[in-house]
Amino acid sequence: MKQVDVAVGVVKRGTQTYVTLRSQDKHQGGKWEFPGGKKEAGETTFDALKRELAEEIGITVKSSEPLILIEHDYGDKRVSLDVHLVESFEGEPYGREEQQGKWLAINALEPEDFPAANATIIDALHNQ
Ligand SMILES: Nc1nc2c([nH]c(=O)n2[C@H]2C[C@H](O)[C@@H](COP(=O)(O)OP(=O)(O)OP(=O)(O)O)O2)c(=O)[nH]1
Ligand SMILES: [Mg+2]
């Protein structure tokens, strides 16, 4: 089965986080996500976060801290999500790949709007 290592960034400003809509044609398409993507060979999670968040939402990540590591099996694909908090960044996030994006209150995040693996991320954020 396909197995991918993914760097995920919870971009946080005060009590809010920036989420984007996954395009319909992708794995878990139509769900909201925290920006991020597959790590390339030899990349650290931080390297991948910097690259993916620049590509997807146009920000420059200055630093990040690990939040949680999640292994999830979707049946058609297994993902390992290395989720980092990103509170230090430059630029204003926007959907740089034409995807929708918005700031949401962390305490209002609804797990059912996200891929199943994200329920654990949302729990971790609510328990911070
Ligand atoms: N970015 C992101 N991916 C997530 C989240 N939750 C979750 O299950 N995933 C899964 C969906 C995908 O199978 C995988 C991310 O891979 P991706 O397809 O977005 O990777 P990528 O950005 O490199 O995109 P691409 O090259 O395929 O266009 O992780 C999340 O909150 N954010
Ligand atoms: Mg991505």
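**Talking through helix H1, the core and ligand 1**

The UniProt record, an unreviewed entry, places the feature "domain: Nudix hydrolase" at residues 1-128; such annotations may be inferred rather than shown by experiment. This is a predicted model, where local features need pLDDT of at least 70, side-chain atom pairs count only at pLDDT 80 or more, and totals for chains, interfaces and linings use all residues. Residues are numbered from 1 along each chain as its sequence is written, with chains lettered from A and ligands numbered from 1 in the order in which they are written.

Trainee: What reach does helix H1 have from its first C-alpha to its last?

Mentor: H1 covers residues 45-57, so called because helices are DSSP runs (H or I, at least four residues; strands are E, at least two) numbered from the N terminus. The expected span, 1.5 Å times one less than the number of residues, is 18 Å for its 13 residues. The model comes close to that, at 17 Å.

Trainee: Is Ala-54 buried, exposed or partly exposed?

Mentor: Ala-54 sits in H1. Buried takes 20 or more other C-beta atoms within 10 Å of the residue's own, exposed takes 12 or fewer, and partly exposed is in between, with C-beta atoms placed from the backbone. Because Ala-54 has 15 C-beta neighbours inside 10 Å, it counts as partly exposed.

Trainee: Which residues does Ala-54 touch, not counting those up to four places away in sequence?

Mentor: A contact means C-beta atoms, placed from the backbone, within 7 Å. By that rule, and leaving out residues up to four places away in sequence, Ala-54 touches Ile-59 and Thr-60.

Trainee: Which element gives the most to the largest nonpolar core?

Mentor: A nonpolar core is a set of buried Ala, Val, Leu, Ile, Met, Phe, Trp, Tyr and Cys residues joined through C-beta atoms within 7 Å. The largest one has 24 residues, and Leu-49, Leu-53 and Val-61 are among those with the most contacts inside it. S1, S2, H1, S5, S6 and helix H2 (118-126) each supply at least two residues. With five residues, the top giver is S6.

Trainee: Which elements give two or more residues to the shell around ligand 1?

Mentor: A residue is near the ligand if its C-beta atom, placed from the backbone, lies within 6 Å of it. There are 19 residues around ligand 1, with Glu-33, Gly-36, Gly-37, Lys-38 and Pro-115 the closest. The elements that give two or more residues to that shell are S1, S4 and S6.

Terms used. Contact = placed C-beta atoms within 7 Å.
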